Amino acid sequence: MKRSLVTKTDIIAVAVILILCLSLLLLPSKNDGLTAEINADGRIQTISLTQVTDPYEMTVESNGHRLILNISREGVEIKKTDCEDKICMASGKLDRNNECAVCLPARVIIRVYTGENKDGVDVLL
Amino acid sequence: MAVITKKSKPQMSFPPFSVFKKVFSLWISVAVCLSFTSCENKQVEKKANPVFALNTVFEQKLWGSDDKVFSDNVLLLKEYEAVFSHTFSSSEVYGLNQAGEGEISDKLKKLIIASLKASEDTNGAFDFTYGQLFDLWDFEKGIKPTETEIAEALSQGGCEKPTLSENSISLNGTKLNFGGIAKGAAVGEMLKNYVDSSVKGGVISCSSAVGVCGSKPDGSLFKIGIRHPEKTNEHLALLEITDCLISTSGDYERFFTDEDGEKYHHIIDTKTGYPVKTDIRSVTIVADITGKDDLFTLGAYTDALSTALFSMGMTEDTFRLLDEYSMEAVFVTDTAVFVTDGLYDSITVTSSHTLKKAVG
C-alpha cells in the first residue's frame, strides 16, 4: 500500500487555516462598506450606510420637489418623486461603488461609494 | 497551535515532511496571531447615526473611547432643538417670539448673552434680532420679499432693543433668530463632551460648523476641506488641524436665482435687508480650544463671526475682531484664498485659487 504524503486531515487543516487567513484579510474591507452622498441642489449630506441598522425613509426637499429615499445598509433607493419625468427612479437600488442617480428637476444627485473617504478629507465645509 | 500537536500520528508521514509541516504550521500560526494582534491595536472608527436638528444634520465620529458620548450628544441636540429652534413651533424661542417677553431657561440666556456680545462687537454685522427680516426670505421656495415688507422688518430688529435682566427678557418688538449662532454653540458643547470623555480623536460636523479634537489613529491631523464656491462638492483648500472649532459662511450654502438671473444668497445684511453684496464667497473661522472650558460660547462666537466677517470683508475692524477673539480666518474670493498668519502653514490650496496672506 502506498503511503500518502498528505493525509485528509492535513488538507482540512491547511484549508481551514487558509480560509481563516483569507477571511481575516477580507474583514476590514468589508467593514468599510458603502457611504451615500446626497447632493440636494448643492446641499450635500453623506450617510455611512454601515451605521444604518434599520432601514429608514428619508425625505429630500430640493428645488420645489420632494423625493422619498429608502436608506438601508445595502444601499439607497429612490422610492418616490413628485417630479414629472421620474428618470431617477429608473436607476433602481444604488448598492455598488460609484453608482449614481440624478433627478434633474429636483437638482438632486445621489451617489454611493466604498470606503470612508474619497481623498482622506474628514469634513467638507 | 493545534496543527503542531498532530505529532500523535508520526507513522503517516516521512520525517522531512513532518519538519516542513512543523515549520509551515508555525509560520501560519505566527501569521494568524499577528493578524489578530494588528486588529486589536487598530482603533476602530465609530460613527453615530446622523441627527437632524436646528435645520441641519449633525454627524459624529470618534476613535479610542466607548461611544456613550454619542447618545449624550444626541440628547443634547434634542434639547437644543427644543430651546433654540425658531421654526419648531413648540420650542422655547418660538414661544418667546410669539409672547414678546417672558422668563427664559439658563441655556437660552447663555446663548442670548453670547449673541448680544457678538452683535455689539461686530456692530450689527451679525445680529440675531432681525427674526422678521430673516423670515421674509425663503431660500427653499425662492421668494423675494417686497421693498415695503423689507422696510417694515428692518424697523423691527436691532440688538439694542431687547432688555435682559436675570432670567427674564423683553424683546421690545424684535424676534430672535439663532440660525447664525446656535449650530456653532451646539458643535462646541458636543466637542466639550468628547474632550471630557477623553476620546483619542473625534470629529463633529454639521452643514456650517465643525469641531475636532485629538488625532486620527495614525497620529495624523484632521483634514477639513473648504468647499469650492462653484463646484460645491469639491474642496478648494484643505486645512490640516486639530483641537479647534471651525465655522463657515458662504454664499453657495442657500440661495436662489430670480427670473432675471440675479442670485440671492442667505446672508442678509441687516442694514439694507438684502443679501450682503461682497467679493467674498466664503469665510471660515477657526478657534483653538486648547485651555478653553466654555466651548458652547466659543463655538457660538466662531459661528457668529463667520457671518459677521462675510459681511465686513477684510477690513481693519475684521482683523481687530479676530485679534480680540484670538481666532484665525480663511477668506475665499473667486480667484484667491486669503489666510491669516496662524493658519498659513496648515493650509494647502487644491484648486486654481492663489494663496495669499490676509493682512489688515
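This is a short dialogue on reading cysteines and chain A in a predicted model.

Biologist: What is a disulfide?

Modeller: A disulfide is a covalent bond linking the sulfur atoms of two cysteines.

Biologist: How many disulfides are there over all chains?

Modeller: The count is 0 over all chains. Take Cys206(B), which is in no disulfide: the nearest cysteine sulfur belongs to Cys244(B) and lies 14 Å away.

Biologist: Why does Cys213(B) have no bond to the closest cysteine sulfur?

Modeller: Because that sulfur, in Cys244(B), is 9.9 Å from the sulfur of Cys213(B), which is too far for a bond. The cut-off for a disulfide is 2.5 Å.

Biologist: Is Cys206(B) buried or exposed?

Modeller: Buried means under 20% relative accessible area. Cys206(B) has 6%, so Cys206(B) is buried. Cys213(B) is buried too, at a relative accessible area of 4%.

Biologist: Now to chain A. Which elements does chain A have?

Modeller: Chain A contains 1 helix and 9 strands. Read from the N terminus, the order is α-β-β-β-β-β-β-β-β-β.

Biologist: What part of chain A is made up of buried residues?

Modeller: Chain A has 125 residues, and 40% of them are buried. As for surface, chain A exposes about 7200 Å², with 57% of that area supplied by carbon and sulfur atoms.

Biologist: What can be said of contacts between residues at least 6 apart in sequence in chain A?

Modeller: Of those contacts in chain A, 31% join residues at least 24 apart.

Definitions and conventions. Residues are numbered from 1 along each chain as its sequence is written. Chains are lettered from A and ligands numbered from 1 in the order in which they are written. This is a predicted model: local features need pLDDT of at least 70, side-chain atom pairs count only at pLDDT 80 or more; totals for chains, interfaces and linings use all residues. Side-chain values use heavy atoms; hydrogens and water are left out. Buried means under 20% relative accessible area, exposed over 50%, partly exposed in between (1.4 Å probe, protein chains only). Helices (H or I, at least four residues) and strands (E, at least two) are DSSP runs, numbered from the N terminus. Contact means heavy atoms within 4.5 Å. Accessible areas come from the Shrake-Rupley method with a 1.4 Å probe; for residues, only the protein chains shown count as cover.
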